[in-house]
Amino acid sequence: MYVAVKGGETAIAHSLDLLADRRRGPRELPELSLDQIDQQLSLAVDRVMTEGSCYDRTLAALAIKQARGDLVEAIFLLRAYRTTLPRFGDSQPLDTSRMVAERRISSTFKDVPGGQVLGPTFDYTHRLLDFSLIANGERPTAPTAPVDAMQDLPRVGDILEREGMLEPPPPADTGAPAQDITRTPLTLPASRPVRLQNLARGDEGFLLALSYSTQRGYGNNHPFVGEIRFGAVPVSFVTEELGFAIEIAEIDVTECDMVNQFAGSHDVPPQFTRGYGLAFGHAERKAMAMALMDRALRAQELSENATSPAQDEEFVLAHSDNVEASGFVQHLKLPHYVDFQSELVVVRTLRAEVEARQRRAALDQAAE
Amino acid sequence: MPDTNYEDGAYNYAYLDEQTKRMIRRAILKAVAVPGYQVPFGGREMPLPYGWGTGGIQVTAAIIGRDDTLKVIDQGADDTTNAVSIRRFFARVADVATTTRTEDATVIQTRHRVPETPLKEGQILVFQVPIPEPLRMLEPRETETRTLHALSEYGVMQVSLYESIARHGRIAKTYNYPVLVNGRYMMSPSPIPKFDNPKLDRNPALQLYGAGREKRIYAVPPYTPVKSLDFDDHPFEIETWTECCALCGSRESFLDEMIVDDSGTRRFICSDTDYCQERQEERQGK
């Protein structure tokens with residue numbers, strides 16, 4: 001009768017074996033390779049790298065494989081590994097105007113310097129299942145135009161900014177290292193770097209739903225896509241030994257510059273405001289949701305009426321992390337029988353008191 | 001000094017790197033210096049999920065050494081799955097001796113219970129804390145609650161207890177029952193049943209509380225007064241049972257209820273498995 005809580009050790013061991021077995025599936029099927037996941041499920045890899053805060057395609061692919069395709073679980077795996085890595089320092093800020101863009105669109109201007117580049121996008125696909133993929137339908141390699149990697153691609157925001165139509169981004173704290181939210185606890189009100197880090201790691205679904213809520217009137221700020229670009233940018237790092245920046249890597253990022261409703265007053269000429277989003281790999285939905293949320297969370301700074309959930313900094317930043325949320329929601333599976341026993345005891349006592357009162361009342365009534 | 005163990009050579013001793021341990025130890029020292037005050041710390045992602053004891057695990061990892069003997073309990077029991085999992089984690093990464101005997105342990109990590117066996121000087125009790133802020137369910141904003149603590153403005157909790165009396169005729173809060181530490185800070189004792197609250201008061205052992213997801217550490221140093229909130233006309237009281245433990249016959253311990261057949265027959269058993277076991281052995285010895 002006491003077995004309910006005994007034997008945890010063996011049960012866990014068997015559960016782990018079973019899980020590993022289910023992950024592998026029928027042995028007659030070939031096992032997925034990390035390269036296959038990296039190359040053919042590349043957008044899943046991108047999401048895991050972004051929310052896992054670790055740019056490593058192989059490790060992200062491994063996490064996805066180990067997590068059986070559960071991306072939140074994969075993000076958790078990658079984060080738990082990342083946290084053990086030593087930190088060498090901060091890279092130089094990415095210069096996305098040096099991006100070799102594979103895709104770049106603006107919805108605010110018909111044409112922009114550097115041109116609109118549609119690139120690979122689901123946007124204009126008809127969502128019809130392609131049954132030829134069942135039979136491993138091979139595709140011919142897509143033709144590509146030559147890309148001038150040396151050409152700088154000015155940001156649409158910069159062009160608007162020169163005219164004074166768009167607010168400049170807040171000045172960077174040069175010299176001071178940015179606060180790292182994976183090393184220090186969140187403090188409120190949060191600085192812009194902290195907010196952007198939090199949103200970049202934040203759950204795509206959570207940010208998507210909240211940013212959607214702003215479009216439906218819960219804190220609307222009339223957004224336009226100033227620009228979305230996706231491509232490779234160099235990462236530079238100043239090593240102590242050399243004293244100057246060297247390129248250490250090239251990473252794929254998606255950047256979204258959102259142009260929002262103008263602010264101004266009697267004395268300050270009206271100006272468009274901006275929201276910013278950046279994600280590893282190709283992740284436009286995430287970058288856009290992040291940009292909308294960045295702008296929504298500036299409500300207080302811009303003296304707007306902050307009445308909607310999406311504008312509530314503490315609400316958004318404290319609940320955006322899916323590893324935290326997933327853990328805490330699922331911890332309800334752990335035994336709670338001590339607390340429940342306490343509740344049972346008190347509810348029984350309270351019920352007994354009510355029943356006693358009712359009995360007395362009934363007796364009094366009968367006596368009358 | 002960095003020091004790796006054999007099985008998982010890729011990780012530092014007790015999983016966390018030494019810098020992180022130092023950061024956590026600093027937070028612990030501050031917490032001990034200001035009993036009941038929630039010290040923010042740079043909580044790390046642990047290889048166990050948030051909400052499953054990551055705060056307690058980080059505290060334990062920061063204080064444990066090879067000479068320690070670790071006991072891990074969940075709901076009072078050493079062999080519940082999560083307790084087993086955490087104990088296995090430390091046996092693996094910290095190469096530490098483990099025990100189920102409260103008396104033999106130097107560090108006891110717990111979820112939802114304080115052992116029945118009285119603790120001694122030199123022992124450390126590490127609590128896993130889900131929500132460190134006692135006022136959270138009354139005031140969801142951290143910015144507000146920090147101010148309330150700074151001003152010792154705890155009226156909102158007294159009002160909530162009063163409302164419970166008005167509605168039910170008694171304080172119906174049963175676990176995570178708020179306490180005042182050293183007459184200054186209101187503290188969540190973590191979701192232990194209020195049955196365990198009196199054990200926190202002037203306990204000879206050091207109590208450390210770790211909340212991983214919320215990134216807070218707080219502490220109750222040995223022999224610190226811990227008072228459960230109440231009213232003069234509604235004094236604090238703990239759960240009682242009319243039954244005794246079906247295994248050891250205890251009438252003093254916290255009892256778990258079990259449904260043993262389809263018709264709903266119940267039996268009551270000590271929630272503290274070590275305490276129950278010791279008592280059974282004593283009885284058999286007689």
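This dialogue explains how to read several features of a predicted model with chains A and B.

Reader: Where should one begin with a sheet, and which order do the strands of the open sheet in chain A have?

Author: The general idea is that strands of a sheet pair through backbone hydrogen bonds, either parallel or antiparallel. In chain A, four strands form an open sheet in the order β1-β2-β3-β4, and their pairing is antiparallel. Two of these strands, β1 (100–105) and β4, stand at the edges with a single partner strand each, so one side of each has no neighbour in the sheet. On average, neighbouring strands of this sheet are turned by 25° against each other, direction ignored.

Reader: How many bridges join β2 of chain A to β3(A)?

Author: Strand β2 (residues 224–238) of chain A is joined to β3(A) by 14 bridges, and the two run antiparallel. One can follow the pairing down to single residues: A:Val238 has A:Ala245 in β3(A) as its bridge partner. Strand β3 (residues 245–263) of chain A also pairs with β4(A), in the antiparallel sense, over 10 bridges. There, A:Glu255 stands opposite A:Leu278 in β4(A).

Reader: Is strand β4 of chain A mostly covered or mostly uncovered?

Author: Strand β4 (residues 271–280) of chain A is mostly covered, as nine of its 10 residues are buried. A helix also lies across this part of the sheet: α9(A) crosses β2, β3 and β4 of chain A and runs at about 140° to β4(A).

Reader: How should one read the meeting of two helices, and at what angle do the axes of α8 and α9 of chain A cross?

Author: One reads the distance between the axes, then the angle, then the residues that touch. The axes of helix α8 (residues 204–215) and helix α9 (residues 284–296) of chain A come within 8 Å and cross at roughly 55°. That angle makes α8(A) oblique to α9(A). The crossing of these helices is left-handed. From α8(A), the contact is made by A:Glu204, A:Leu207, A:Leu208, A:Leu210, A:Ser211 and A:Thr214. The residues from α9(A) include A:Arg285, A:Ala289, A:Leu292 and A:Met293. By class, the contact of α8(A) with α9(A) holds eight nonpolar, two polar and three charged residues.

Reader: What is the angle between α1 and α2 in chain B?

Author: Helix α1 (residues 18–33) of chain B and α2(B) have axes that come within 9 Å and cross at roughly 100°. The helices α1(B) and α2(B) are therefore roughly perpendicular to each other. In this contact, B:Lys21, B:Ile24, B:Arg25 and B:Ile28 of α1(B) meet B:Gln58, B:Val59, B:Ala61 and B:Ala62 of α2(B). The contact of α1(B) with α2(B) has five nonpolar, one polar and two charged residues.

Reader: How many residues of each chain are in contact where chain A touches chain B?

Author: An interface is read from both sides: here 37 residues of chain A are in contact with 46 residues of chain B. On the side of chain A, α1 (8–24), α5 (71–82), α11 (322–330) and α12 (337–367) each supply at least two residues. Helix α12(A) gives the most to this side, with 11 residues. By class, the side of chain A that touches chain B has 18 nonpolar, 10 polar and nine charged residues.

Reader: Which backbone features deserve attention in the loops, and which residues does the cis peptide bond of chain A join?

Author: One looks at the torsion angles of the backbone. The cis peptide bond joins A:Leu188 and A:Pro189, with omega about -5°. A:Pro189 lies in the loop between α6 (156–162) and α7 (192–201) of chain A. Elsewhere, A:Arg68 has a phi near 60°, a positive value in a residue other than glycine. A:Arg68 is found in the loop between α4 (57–66) and α5 of chain A.

Reader: Why does A:Arg68 count as partly exposed?

Author: A:Arg68 counts as partly exposed because it has 13 C-beta neighbours inside 10 Å, whereas a residue is buried if the count is 20 or more. B:Lys215, with 23 other C-beta atoms within 10 Å, is therefore buried. B:Lys215 also has a positive phi, near 55°, and its place is in the loop between β8 (206–211) and β9 (216–220) of chain B.

Conventions:
Residues are numbered from 1 along each chain as its sequence is written. Chains are lettered from A and ligands numbered from 1 in the order in which they are written. This is a predicted model: local features need pLDDT of at least 70, side-chain atom pairs count only at pLDDT 80 or more; totals for chains, interfaces and linings use all residues. A residue is buried if 20 or more other C-beta atoms lie within 10 Å of its own, exposed if 12 or fewer, and partly exposed in between; C-beta atoms are placed from the backbone. Two strands pair if DSSP finds at least two bridges between them. Axes are lines fitted to C-alpha atoms, for helices over the stretch in contact, and angles run from 0 to 180 degrees between N-to-C directions. Angles under 35 degrees count as roughly parallel, over 145 as roughly antiparallel, 65 to 115 as roughly perpendicular and the rest as oblique. A crossing is left-handed if the near helix is turned anticlockwise from the far one by less than a right angle, and right-handed if clockwise. Two residues are in contact if their C-beta atoms, placed from the backbone, lie within 7 Å. Ala, Val, Leu, Ile, Met, Phe, Trp, Tyr, Cys and Pro count as nonpolar, Asp, Glu, Lys and Arg as charged, and the others, Gly among them, as polar.
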